[in-house]
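Here are some short exercises for you to try with the model open on your screen. Have a go at each task before you read its solution.

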Amino acid sequence: MGKQQDVGGPDRHSGSGVAADGATEGGVDARLAVAQDPATSQMTLIDLAADPSPVVRKAVATRTDAPAQALRPLTRDHDRDVREAVARNPSTSVANLLRLVKDADRWVRWAVAGNPACDESIRRVMAEAPDKELRGLLAETRDLEPEVAARLVDDVSPEVRERLATHTHDPDVITALMADRTARVRKGLARNPRTTTAQRSALAQDPVVDVRVALVLALELDEADLRRLVDDRSVQVRMAMATSEVVPPHIRQALGRDPDEMVADAARNFRPGSANASVVRAPRIGHRTSGPGRGRPGGARR
């Protein structure tokens, strides 16, 4: 990972004229080529950061070797794509990421969440942000500081807590969320492979059908839990078991004798790879599609 370095004195602003070699002159295509050229000097990149073309400025914003004087003004660029490129740049300083995580545009804020340079100071700001999606992206981060995780365990949004429940690796967080009264949070735990055998057994007896369905589709269970679920009062649960990739063959064979003919038929005709099992997805920190972005990063929806 590159690091920003100051060049030619503190906070030198670009736009003071062309570089000595005339690299910032010419058409947009020519200047873009210079901005993308690995051999371009840092002084020229500073000048190109003030280029009238947002395409050129974005090219500078993506450079991991761009100096601080080039990236700093781009965090305040009027073009969203430029600011988003800076937010994704792993060489962007923590100070600039702290500015961008408070950006007025959601896509810029969400890009900060995926930046490998994002540290604890930024995650603390994210945990307190009014943007629910930003907190949700934070909740999907694998290694959260205990204080940040504790804040998310008590998040006002059930969706944020659900995403934390699905992705956390912290046993203390899992234990705390097992007591959550919102079913969708426990449903998130039912898809988390880091739960213990005892926790899965408790989830197998959850009073909410959706929790039990999510569990049998996602995780391997003890024999005692499987035997109990074969006789589950909910047809939905038994159907989920009949079509689950993680249910062992002898359990599916028992479901072939289910009193509900649809369940029995699904169990008898099951073929590996044909199930619609719930899959725990990686954190949804995607790039915007072309045009005005809508919804979540990567277009994912729950």
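The exercises below go from the whole chain to single helices and residues.

This is a predicted model, in which local features need pLDDT of at least 70 and side-chain atom pairs count only at pLDDT 80 or more, while totals for chains, interfaces and linings use all residues. Residues are numbered from 1 along each chain as its sequence is written, and side-chain values use heavy atoms, with hydrogens and water left out.

**Exercise 1. Describe the protein chain as a whole.**

Step 1: Start with secondary structure, taking helices (H or I, at least four residues) and strands (E, at least two) as DSSP runs numbered from the N terminus. The protein chain has 19 helices and zero strands.

Step 2: Turn to burial, where buried means under 20% relative accessible area, exposed over 50%, and partly exposed in between (1.4 Å probe, protein chains only). Of the 302 residues in the protein chain, 50% are buried.

Step 3: Look at contacts, meaning heavy atoms within 4.5 Å. Among those between residues at least 6 apart in sequence, 53% join residues at least 24 apart.

**Exercise 2. Find the largest nonpolar core and its best-connected residues.**

Step 1: A nonpolar core is a set of buried Ala, Val, Leu, Ile, Met, Phe, Trp, Tyr and Cys residues joined through side-chain atoms within 4.5 Å. The largest one has 77 residues, and V60, L74, M126, L164, L177, M241 and L255 have the most contacts inside it.

Step 2: Helix α15 (residues 209-218) gives the most to this core, with seven residues.

Step 3: Pick out L164, whose contacts, not counting residues up to four places away in sequence, include A139, L144, V173 and L177.

**Exercise 3. Which residues of α8 are buried, and what covers them?**

Step 1: I122, R123, M126 and A127 are the buried residues of α8. They lie on the same side of α8, because their arc (taken from the directions from the helix axis to the C-beta atoms) is only 140°.

Step 2: Their cover includes α6 (94-100), α7 (106-113), α9 (132-139) and α10 (146-153).

Step 3: Now check R123, which counts as buried at 14% relative accessibility. Leaving out residues up to four places away in sequence, R123 touches C118, L138, L144, E145 and V148.

**Exercise 4. Work out how α19 is packed and capped.**

Step 1: In α19 (residues 261-268), the buried residues are V263, A264, A266 and A267. These fall within an arc of 165°, so they line one face of the helix.

Step 2: α17 (235-242) and α18 (249-255) are among what covers them.

Step 3: At the N-terminal end, D260 caps α19, with a side-chain oxygen 3.0 Å from the backbone nitrogen of M262.

Methods: Polar contact = N/O pair within 3.5 Å; in protein donor to acceptor, adjacent residues only side chain to side chain.
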